[in-house]
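Colleague: I would like a close look at one part of this model, with its surroundings worked through in order. Please start from a single side chain and go outward from there.

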Amino acid sequence: MRSIWNGAISFGLVTIPIKLVNATESHSVSFRQIHTEDGGRIRYRKVCELEDREVTQAEIGKAYEDADGSMIPITDEDLSQLPIPTARTIEIVAFVPEDRIDPLQMGSAYYLAASGAPAAKPYTLLREALKRSNRVAIAKFALRGRERLGMLRVVGDAIAMHGLLWPDEVRAPEGVAPEGGVTVRDQELDLADALMDTLGEIDLDDLHDEYREAVEEVVAAKASGEKPPEAREEAAPGKVLDLMAALESSVRAARESRDGEEAGPAEEARVRSLPQRKTSSRRAPKETGGKKSTSTAAKKTAAKKTAAGKVTEPKKSTAKTAKTAKSAAPAKKPAAKSTARSTAKKAAPRRRSA
């Protein structure tokens, strides 16, 4: 790994020569700007405003712009002679527990590599001291034109340094939290705990950048003259109407996914509140008595004959109903009696031969 800064760690009266190297790297896909009409590259050239010509990197220096717009040249020699001890030194100022550091302050990460054989002994001494104390070192150093704050900790057999923001560079979370009193019930907290337990832990090495992979697929398809893959349609999440229902559905889906079962996307994407159950007005037919009106039985029998185009075998209760209706019909209404007889005759079941 190429070093980006050379200096030393100041550990009391102990000096440890080190090299600073980047501990992270970016794998994101980079793009170039082009002219959309002809595909030509768009480049930015460094031009001197006074001479109106392009200049080389060797001709470019630094300057501080004053309030009136005038430029005050600053050379690398001027910066190297700054009257501060951190110009070329990582000065350790304190040792504190790691939980004292707010993660919001943490920035870029670097590895501190021992520079040469003489640095091996003091480097190992500092590393083992940090291990045994279970603490981290707070240091000050100068990099890229400004003094910075850093945190030194042990990673494997190496010492890593995280650049820290100064405390006054971290904003307070004002106006971020929801306004007004919001109460959370114990049942909701229990379901949230159950969801966290069901999701469990994960090995961070198993996670990968799916966006970068999708971009690479698009680039490969267009390079080979093929049609780029289309985005799959995902069900739009519905409004969460019931927090308890949402938590229960989430726990159920997480358990099914953990057991290797496929959970339906619609169930995961949409949560609806369940309506209260209403007592049904329809009653189950009684098996004893079979007291249906003769006219109703006749209409149902006629409808079955019309729809099916043939005589359908009715239930035995239909014949009993017709017989009951026949005996219960009043004597002074011959028309109704004849109607009941004809209906019972039509509804009489056909017995199957054994």
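Modeller: Leaving out residues up to four places away in sequence, R127 touches V154, D157, A158 and I159. The model is a predicted one. R127 itself sits in helix α2, which covers residues 120-133. Its relative accessibility is 14%, and because the cut-off for buried is under 20%, R127 counts as buried.

The residue just before R127 in the sequence is L126. Apart from its neighbours within four places in sequence, L126 has contacts with I9, F11, I16, I92, F95, L152 and I159. I159 is thus on the contact lists of both L126 and R127.

L126 also belongs to the largest nonpolar core, which has 20 residues. Among those with the most contacts inside this core are L126, I9 and L152, along with I18, I90, L112 and M161. At least two residues of the core come from each of β1 (3-11), β2 (14-22), β7, β8 (106-114), α2, β9 (135-143) and β11 (158-164). Strand β9 gives the largest share, four residues. A second core, separate from this one, has seven residues, including V96, V136, I138 and M151. As a general tendency in soluble globular proteins, nonpolar side chains are buried together.

Not every nonpolar side chain here is covered. L79, L82 and I84 make up a nonpolar patch on the surface, and together they have about 210 Å² of accessible area. L82 lies in the loop between α1 (76-80) and β7 (89-97). With a relative accessible area of 40%, L82 is classed as partly exposed.

Another helix, α5, can be checked for its length. It has 16 residues, 243-258, so at 1.5 Å a residue it should span 22 Å; the end C-alpha atoms are 22 Å apart, in agreement. The buried residues of α5 include M244, A245, A246, L247, S249, V251, A253 and A254. An α-helix has 3.6 residues a turn, so residues three or four places apart point the same way.

For the setting as a whole, the protein chain has nine helices and 11 strands. Of its 354 residues, 19% count as buried. Among contacts with a separation of 6 or more, 60% are between residues 24 or more positions apart. The chain exposes about 28900 Å², of which carbon and sulfur atoms supply 51%.

Methods: Residues numbered from 1 in each chain as written. Predicted model: local features only at pLDDT ≥ 70, side-chain atom pairs only at ≥ 80, totals over all residues. Heavy atoms only, no water. Expected span 1.5 Å × (residues − 1). Buried < 20%, exposed > 50% of the residue type's maximum accessible area, 1.4 Å probe, protein only. Contact = heavy atoms within 4.5 Å. Areas by Shrake-Rupley, 256 points an atom, 1.4 Å probe, with all protein chains shown as cover. Patch = residues over 30% accessible without salt bridge, like charges linked within 9 Å, V, L, I, M, F, W, Y side chains within 5 Å. Salt bridge = Lys/Arg side-chain N within 4 Å of Asp/Glu carboxyl O. Core = buried A, V, L, I, M, F, W, Y, C linked by side-chain atoms within 4.5 Å.
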